[in-house]
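Trainee: I should like to learn how the features of a protein model are read, one at a time. May we begin with pockets?

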Amino acid sequence: MIDITLENFQAELIEGSMNQPVLLDIWAEWCGPCKQLGPVLEKLEVEYGGRFTLAKLDADKVPQISQQLSQMFGVRSIPFCVMFKDGQPVDGFVGALPPEQVRAFLDKHVPGADELEAQEQEESAQAALAEGDTEGALEKLQHAVATDPSNDDTRFDYIKLLLQEGRLDDAKVAFAPVIAKTSLVRRFDSLQRWMDALDFAKPVSGTAPAMADVDARIVANKRDFEARFARARLLMAGERWTDAMDELLDILMRDKSWNEDLARKTYIAILDIIEPPKVKVADGQIPPDDPTVASYRRRLSSVVLS
């Protein structure tokens with residue numbers, strides 16, 4: 001629990017809520033309902049095990065902040081509680097609510113225990129990858145997905161790593177629960193296009209076109225977009241990402257909307273696949289862009305907008 005003052009308001013409430021939700025309890029010594037609500041909030045902070053921070057602000061000692069928030073929400077009484085997330089006040093309630101109602105309010109804004117555990121596993125997995133421990137990273141990502149199946153970012157990272165390790169069948173199993181979301185979640189669509197390219201390069205039946213044959217078709221006809229797209233898919237299967245994007249750019253420079261934007265959509269899929277996780281930076285700073293991703297984004301914009 002934190003007592004909010006004018007001096008620590010920015011650091012503890014605004015910046016603090018960038019890392020986890022902060023519930024601000026605005027109270028006063030003379031307020032009976034405030035004294036009823038206070039112990040309830042303190043018990044819930046312990047019960048939630050650090051998933052949110054409880055901050056308290058004495059309305060009589062720091063009227064500047066309490067009045068500003070009251071005006072913002074149109075509230076004229078206390079106790080008044082405001083939830084801060086990502087540096088902003090996002091919701092609030094007035095009065096000494098019973099514990100079950102406060103708990104329902106918190107559950108709208110506070111991550112669940114499973115979600116937090118999955119986030120920790122994801123961070124550990126990225127650390128393992130940075131140290132070259134691919135198997136350890138896979139185990140942690142698998143655990144994170146099992147713990148929080150709704151975390152699309154973690155599932156993307158897990159499937160991507162499986163594909164990078166050549167475990168296509170395992171990747172398809174991990175992808176199956178979200179296959180219906182490919183039209184809604186772009187990065188899932190990107191994974192699907194990668195898996196389609198792998199199947200194209202190594203079909204269950206028949207044979208894939210040889211690169212030499214595809215190259216010969218392109219030499220004979222530079223506008224043979226089917227051949228160019230086949231070449232791009234073979235390059236994707238071999239994880240020759242920039243070569244694949246160069247091939248797709250050749251299609252786009254000649255026909256921007258070929259085959260219902262297939263070349264552009266596949267190009268964007270590759271950008272999703274090769275973009276590394278964002279590095280953590282100090283508050284207020286912007287993580288640096290990967291130079292390859294940034295360069296190829298600019299090239300796509302230049303071609304599409306020309």
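Mentor: A pocket is an open set of grid points with protein on both sides within 12 Å along at least five of seven lines, and its lining residues have an atom within 4 Å of a point. Please bear in mind that the model before us is predicted.

Trainee: Which residues line the second largest pocket?

Mentor: The general idea is that rolling a probe the size of a water molecule over the atoms shows where empty space is left. In this case, the lining of the second largest pocket consists of Leu163, Gln164, Gly166, Arg167, Leu168, Trp194, Leu198, Asp199, Ala201, Lys202, Ala237 and Glu239. The space in this pocket comes to about 260 Å³. Sorted by class, its lining holds 6 nonpolar, 2 polar and 4 charged residues.

Trainee: Which helix gives the most to the lining of the second largest pocket?

Mentor: Helix H9 does, with 4 residues. At least two lining residues come from each of helix H7 (152–164) and helix H9 (186–201).

Trainee: Let us turn to the nonpolar core. Which residues of the largest one touch the most other members?

Mentor: In soluble globular proteins, nonpolar side chains tend to be buried together. Here the largest nonpolar core has 49 residues, and those that touch the most other members are Leu163, Leu191, Trp194, Leu248, Tyr267 and Ile270. Helix H13 (residues 258–274) supplies the largest share of this core, 9 residues. Another core, of 16 residues, lies apart from it and includes Leu24, Ile26, Ala59 and Leu69. Leu163 and Trp194, named for the largest core, also appear in the lining of the second largest pocket.

Trainee: What does Tyr267 touch, not counting residues up to four places away in sequence?

Mentor: With that exclusion, Tyr267 is in contact with Met245, Leu248, Leu249, Tyr296, Arg299 and Leu300.

Trainee: How should I read the sheet, and what is the order of its strands?

Mentor: One reads the order of the strands and then the pairing of each neighbour. This open sheet of 5 strands runs S1-S3-S2-S4-S5, and its pairing is mixed. Its edge strands are S1 and strand S5 (88–94), each of which pairs on one side only. Strand S1 (residues 2–3) is parallel to S3 and joined to it by 2 bridges, with Ile2 partnered by Ala55. Strand S2 (residues 22–27) also pairs with S3 in the parallel sense, over 6 bridges. Within that region, Leu57 of S3 stands opposite Ile26.

Trainee: Why is strand S3 described as largely enclosed by the rest of the structure?

Mentor: The reason is burial: 6 of the 6 residues of S3 (residues 53–58) are buried, so the strand is largely enclosed by the rest of the structure. Both of its faces are covered, with Thr53, Ala55 and Leu57 buried on one side and Leu54, Lys56 and Asp58 buried on the other.

Trainee: Next, the backbone. Where is there a cis peptide bond?

Mentor: For this feature one inspects omega. The cis bond joins Ile78 and Pro79, with omega about 5 degrees. Pro79 belongs to the loop between helix H3 (63–73) and strand S4 (80–85).

Trainee: What is phi of Glu260, and what is its sign?

Mentor: Phi of Glu260 is near 55 degrees, a positive value in a residue other than glycine. Asp261 likewise has a positive phi, near 65 degrees. Glu260 is in helix H13, and Asp261 is found there as well.

Trainee: Is Glu260 buried or exposed?

Mentor: Exposed means over 50% relative accessible area. Glu260 is exposed at 68%, whereas Asp261 is partly exposed at 22%.

Trainee: And is His109 buried or exposed?

Mentor: His109, which has its place in helix H4 (residues 99–109), is buried, with a relative accessible area of 13%. Leaving out residues up to four places away in sequence, His109 touches Pro21, Met83, Lys85, Val90 and Asp91.

Trainee: Finally, how is Gln67 placed relative to Leu41?

Mentor: Here one sets separation along the chain beside distance in space. Gln67 and Leu41 are 26 residues apart along the chain, and 22 Å separates their C-alpha atoms. Gln67 itself lies in helix H3 and is partly exposed, with a relative accessible area of 49%.

Key: Residues are numbered from 1 along each chain as its sequence is written. This is a predicted model: local features need pLDDT of at least 70, side-chain atom pairs count only at pLDDT 80 or more; totals for chains, interfaces and linings use all residues. Side-chain values use heavy atoms; hydrogens and water are left out. A nonpolar core is a set of buried Ala, Val, Leu, Ile, Met, Phe, Trp, Tyr and Cys residues joined through side-chain atoms within 4.5 Å. Buried means under 20% relative accessible area, exposed over 50%, partly exposed in between (1.4 Å probe, protein chains only). Contact means heavy atoms within 4.5 Å. On a 1 Å grid over the protein atoms alone, a cavity is a set of points where a 1.4 Å probe fits but cannot get out, and a pocket is an open set with protein on both sides within 12 Å along at least five of seven lines; lining residues have an atom within 4 Å of a point. Grid points are joined across faces, edges and corners, and a volume is the space filled by probe spheres set on the points. Ala, Val, Leu, Ile, Met, Phe, Trp, Tyr, Cys and Pro count as nonpolar, Asp, Glu, Lys and Arg as charged, and the others, Gly among them, as polar. Two strands pair if DSSP finds at least two bridges between them.
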